[in-house]
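User: I've got a model open on my screen and I'd like to talk it through with someone. Can we go step by step?

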Amino acid sequence: QVQLVESGGGSVQAGGSLNLSCVVSENGYSTYCLGWFRQGPRNEGDMVAQIERDGSTYYADSVKGRFTISEDYGQNILHLQMNNLRPEDSGIYYCAVNIPYCTSRRRDWGQGTRVTVSS
């Protein structure tokens, strides 16, 4: 199982920014898809952003233009830059890896990091 460890969560006011990071363990897979998912107050697990090995990115409509997902391939670190945060962005953010593609059933999860945005 791939190990993923998130950091960077916290509390900010609306309009503020946060940068989440996720250290991804060496896994030996040449193809995989990394992503961020959010668990909100109603326990929903929404895809926030995903990035494939070829650099293709996918975003939830609600975060397009505000969030940017990126991967530091050399350091095996996944980032999520979150700008212009809104209260509805609050929740627990999980880093996850789908193997080998974003649509694959296999998904390993990190432990999550909490983001709280106050109005």
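User: Let's start at the front end. Strand 1 and strand 3 are paired, so how do they run, parallel or antiparallel?
Analyst: Keep in mind that this is a predicted model. Four bridges join strand 1 to strand 3. In that pairing, L4 has V24 of strand 3 as its bridge partner. The two strands run antiparallel.

User: And which side chains of strand 1 are buried?
Analyst: Strand 1 covers residues 4–7, and its side chains alternate between two faces. V5 and S7 point to one face and are not buried. The side chains on the other face are buried, and they are L4 and E6.

User: Zooming out, how many helices and how many strands does the protein have?
Analyst: Reading from the N terminus, the elements run β-β-β-β-β-β-β-β-β-β-β. The secondary structure therefore comes to zero helices and eleven strands.

User: What radius of gyration does the protein have, and what would a compact globule give?
Analyst: The C-alpha trace spans about 45 × 25 × 25 Å along its principal axes. For 119 residues, a compact globule would come out near 14 Å. The protein agrees with that, at 13 Å.

User: What share of the residues is buried?
Analyst: Here a residue has to fall under 20% relative accessible area to count as buried. The accessible surface comes to about 6,200 Å², and 45% of that belongs to carbon and sulfur atoms. For the residues themselves, the buried share of the 119 is 45%.

User: Which strand gives the largest share of the largest nonpolar core?
Analyst: As background, nonpolar side chains tend to be buried together in soluble globular proteins. The largest nonpolar core here has 28 residues, and W36, L80, M82 and Y93 touch the most other members. Strands 3, 4, 5, 7, 8, 9 and 11 each supply at least two residues of this core. The largest share, four residues, comes from strand 3.

User: Pick M82, then. Which residues does M82 touch, leaving out those up to four places away in sequence?
Analyst: M82 is one of the core residues that touch the most other members. Y93, another of that group, is also on the list of residues that M82 touches. The full list is G16, S17, L18, L20, R66, F67, Y93 and V115.

User: On to the cysteines. How many disulfides are there, and what pattern do they follow?
Analyst: C22 is joined to C95, with the sulfurs 2.1 Å apart. C33 and C102 form a disulfide too, with their sulfur atoms 1.9 Å apart. That makes two disulfides, and with bonded cysteines counted along the chain the pattern is 1-3, 2-4.

User: How far apart in sequence are C22 and C95, and which hand does their link have?
Analyst: C22 sits in strand 3 and C95 in strand 9, so the pair links distant parts of the chain, 73 residues apart. Both C22 and C95 are buried. The angle about the S-S bond is -80°, and the link is left-handed.

User: What about C33 and C102: which parts does that disulfide tie together?
Analyst: The link of C33 and C102 is right-handed, with 80° about the S-S bond. C33 is buried at a relative accessible area of 0%, and C102 is buried at 11%. Because C33 lies in strand 4 and C102 in a loop, the pair ties together parts 69 residues apart in sequence: strand 4 and the loop between strand 9 and strand 10.

User: Where is the cis peptide bond next to P100?
Analyst: P100 lies in the loop between strand 9 and strand 10. Omega is near 0° for the bond in question. The cis peptide bond runs from I99 to P100.

User: N76 and N84 have positive phi. Is each one buried or partly exposed?
Analyst: Phi is near 55° for N76, which is in the loop between strand 7 and strand 8. For N84, phi is near 50°, and N84 is in the loop between strand 8 and strand 9. Relative accessibility is 15% for N76 and 43% for N84. So N76 counts as buried, and N84 as partly exposed.

Technical notes:
Residues numbered from 1 in each chain as written. Predicted model: local features only at pLDDT ≥ 70, side-chain atom pairs only at ≥ 80, totals over all residues. Heavy atoms only, no water. Core = buried A, V, L, I, M, F, W, Y, C linked by side-chain atoms within 4.5 Å. Buried < 20%, exposed > 50% of the residue type's maximum accessible area, 1.4 Å probe, protein only. Contact = heavy atoms within 4.5 Å. Pairing = 2+ DSSP bridges. Disulfide = S-S within 2.5 Å. Rg over C-alpha atoms; globule rule 2.2 N^0.38 Å. Areas by Shrake-Rupley, 256 points an atom, 1.4 Å probe, with all protein chains shown as cover.
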